[in-house]
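Colleague: Could you take me on a close look at the salt bridges in this one, and then show me what sits around them? I'd like it in plain words, with the residues named so I can follow along on screen.

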Amino acid sequence: MKDIVKFLTTVLYYVEKKNYPLAVAFKRAYLHNKPRKIESNLLYEYSKRMLLSYYALPQSKRSFKVRYWLENKESIEIKFPNWMEEKLSTLLDINALKRKLSERWMWARVNILKTDIDKIYRELESQNIEFEVDKNFYYMIKIKKSPVRLSSLSIVKDCKLLIHDKASSLVVEALKPEIGEKLVDLSSAPGIKASLYMMLTENRAETFLADVDFKRLSREYNLLKRCGVDLRKIHIIYQDSTKNSVIKSDKILLDAPCSSSGMINNDPSILLKLSDNGKIKKFAKLQKSLLNESLKIRANKLVYAVCSLFPEEGERVIEDYYDIAEMPFSNYQSGYSLYKVGKRSNRTFPHIDSTEGFFISVLNLTKL
């Protein structure tokens with residue numbers, strides 16, 4: 001018990017004081033305070049559940065919070081910041097969302113630029129990993145149960161199997177990638193979507209990948225290289241996309257910086273960064289600026305997406321473009337009905353789709 005308290009207290013320190021995501025906080029804590037005789041999978045699950053219940057814990061020192069959670073973990077509720085509870089309660093079934101967040105699931109993508117699907121299936125089966133193949137996209141796999149951490153597998157380290165949420169792949173599919181076309185991605189790092197786009201076009205499209213962070217661009221370039229992407233087709237652009245330098249493209253992807261509230265199932269540390277709605281307002285302003293700038297590019301289609309549960313970052317950003325908005329997918333939920341443009345956009349939800357929460361809309365720029 002003492003070892004677990006020390007470990008979870010360390011995780012909480014890294015999340016509260018260092019603003020680390022859960023995965024990074026867990027790795028740091030595991031490196032310095034690894035408890036004996038406790039599987040890492042269970043420790044990670046404890047860390048995740050504790051953070052999901054953070055706002056239900058006593059406002060006391062970290063070790064007391066951890067002990068309180070351990071003593072009450074079977075009954076303690078998942079809780080969001082008060083403003084978030086009130087907001088989401090008007091938009092969705094918040095109790096269903098919370099029930100789903102207590103479950104564990106993961107999506108992965110077979111990278112057919114480096115391997116074939118049957119080889120990945122055999123490797124997962126040899127590791128006693130339970131999975132199911134997605135019925136919509138042949139390359140997506142839902143991991144149902146695994147005795148090992150997926151990131152420890154050689155096929156993951158070699159980028160033959162990529163940890164990639166299905167909702168994120170929908171953003172790329174909304175572009176309807178075609179061989180020979182040009183795509184500009186205005187907020188491209190870390191590059192997981194760009195790698196899928198190149199996979200779907202068999203490395204026979206041209207991509208212009210922009211980001212405001214040079215280090216993230218460098219990591220993105222290295223990821224694309226490891227994924228088997230033809231780097232001759234890749235053009236890296238170091239820019240603030242609110243002052244875009246690209247003039248023309250066939251298609252535009254604006255997967256805008258956002259609150260990441262749709263990712264709380266995978267990284268509940270995000271909840272601690274959303275103690276009030278200030279970040280939502282800040283991101284909404286940035287998103288509108290990015291969208292207005294991206295519309296200056298001569299192109300046929302723009303896909304706007306955010307990994308957010310909030311309409312301020314989705315429907316409200318594109319509501320002025322209702323006339324050119326088109327619903328990307330007929331077999332997924334539409335956007336929030338409180339907004340006119342909701343019926344011309346899609347949303348994915350953890351409790352409905354077992355994916356991250358994304359907002360996705362297509363703007364037909366030929367109608368401008």
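Modeller: Sure, let's start with K65, which forms a salt bridge with E16; the closest N and O atoms are 3.2 Å apart. Bear in mind throughout that this is a predicted model. The K65–E16 pair ties together distant parts of the chain: K65 is in helix α4 (residues 62-72) and E16 is in helix α1 (residues 2-18), 49 residues apart. How buried or exposed are the two partners? K65 counts as buried because its relative accessibility is 4%, under the 20% cut-off. E16 has 22% relative accessibility, so E16 counts as partly exposed.

That bridge is part of a bigger tally, as the structure holds 19 salt bridges. As a general point, side chains of opposite charge can pair when their charged atoms come close.

Have a look at R204 and E202 next. Their side chains meet in a salt bridge, at 2.6 Å from N to O. Both ends are partly exposed: R204 has 44% relative accessibility, and E202 has 48%.

Then there's E326 with K367, whose side chains meet in a salt bridge at 3.7 Å, N to O. This pair also links distant parts of the chain, with E326 in strand β10 (residues 325-326) and K367 in the segment after β12 (358-364), 41 residues apart. E326 counts as partly exposed, at 29% relative accessibility. And going back to where we began, salt bridges that share partners join E16, R62 and K65 into one network.

Now for the surroundings. UniProt, in an unreviewed entry, places the feature "domain: SAM-dependent MTase RsmB/NOP-type" at residues 96-366. Over that stretch, residues 96-366, the chain is 28% helix and 21% strand, and the end C-alpha atoms are 40 Å apart.

If you scroll to the sheet, you'll find four strands forming an open sheet in the order β2-β3-β1-β4, with antiparallel pairing. The edges are β2 (130-133) and β4 (161-163), each of which pairs on one side only. On average, neighbouring strands in this sheet are turned by 35° against each other, ignoring direction. Strand β1 (residues 106-110) pairs with strand β3 (residues 140-145) in the antiparallel sense over four bridges. To pick out one position, R109 has M140 in β3 as its bridge partner. Helix α7 (residues 117-126) packs on this sheet and touches β1, β2, β3 and β4, while its direction makes about 155° with that of β2.

One last stop is S259, in the loop between β8 (251-255) and α12 (278-294). S259 counts as buried because its relative accessibility is 8%, again under 20%. What does its side chain touch? The S259 side chain makes a polar contact of 3.1 Å with the side chain of S261, and another polar contact, of 2.7 Å, joins the side chains of S259 and E313. Setting aside neighbours within four places in sequence, S259 is in contact with I270, L274, I280, F283, S308, F310 and E313. So if you centre your view on S259, E313 turns up both in that contact list and as a side-chain polar partner.

Definitions and conventions. Residues are numbered from 1 along each chain as its sequence is written. This is a predicted model: local features need pLDDT of at least 70, side-chain atom pairs count only at pLDDT 80 or more; totals for chains, interfaces and linings use all residues. Side-chain values use heavy atoms; hydrogens and water are left out. A salt bridge is a side-chain nitrogen of Lys or Arg within 4 Å of a carboxyl oxygen of Asp or Glu. Helices (H or I, at least four residues) and strands (E, at least two) are DSSP runs, numbered from the N terminus. Buried means under 20% relative accessible area, exposed over 50%, partly exposed in between (1.4 Å probe, protein chains only). Two strands pair if DSSP finds at least two bridges between them. Axes are lines fitted to C-alpha atoms, for helices over the stretch in contact, and angles run from 0 to 180 degrees between N-to-C directions. Contact means heavy atoms within 4.5 Å. UniProt positions are given in the numbering used here, feature names are shortened, and annotations may be inferred rather than shown by experiment. A polar contact is a pair of N or O atoms within 3.5 Å; within protein, one must be able to donate a hydrogen and the other to accept it, and residues adjacent in sequence count only if both atoms are side-chain atoms.
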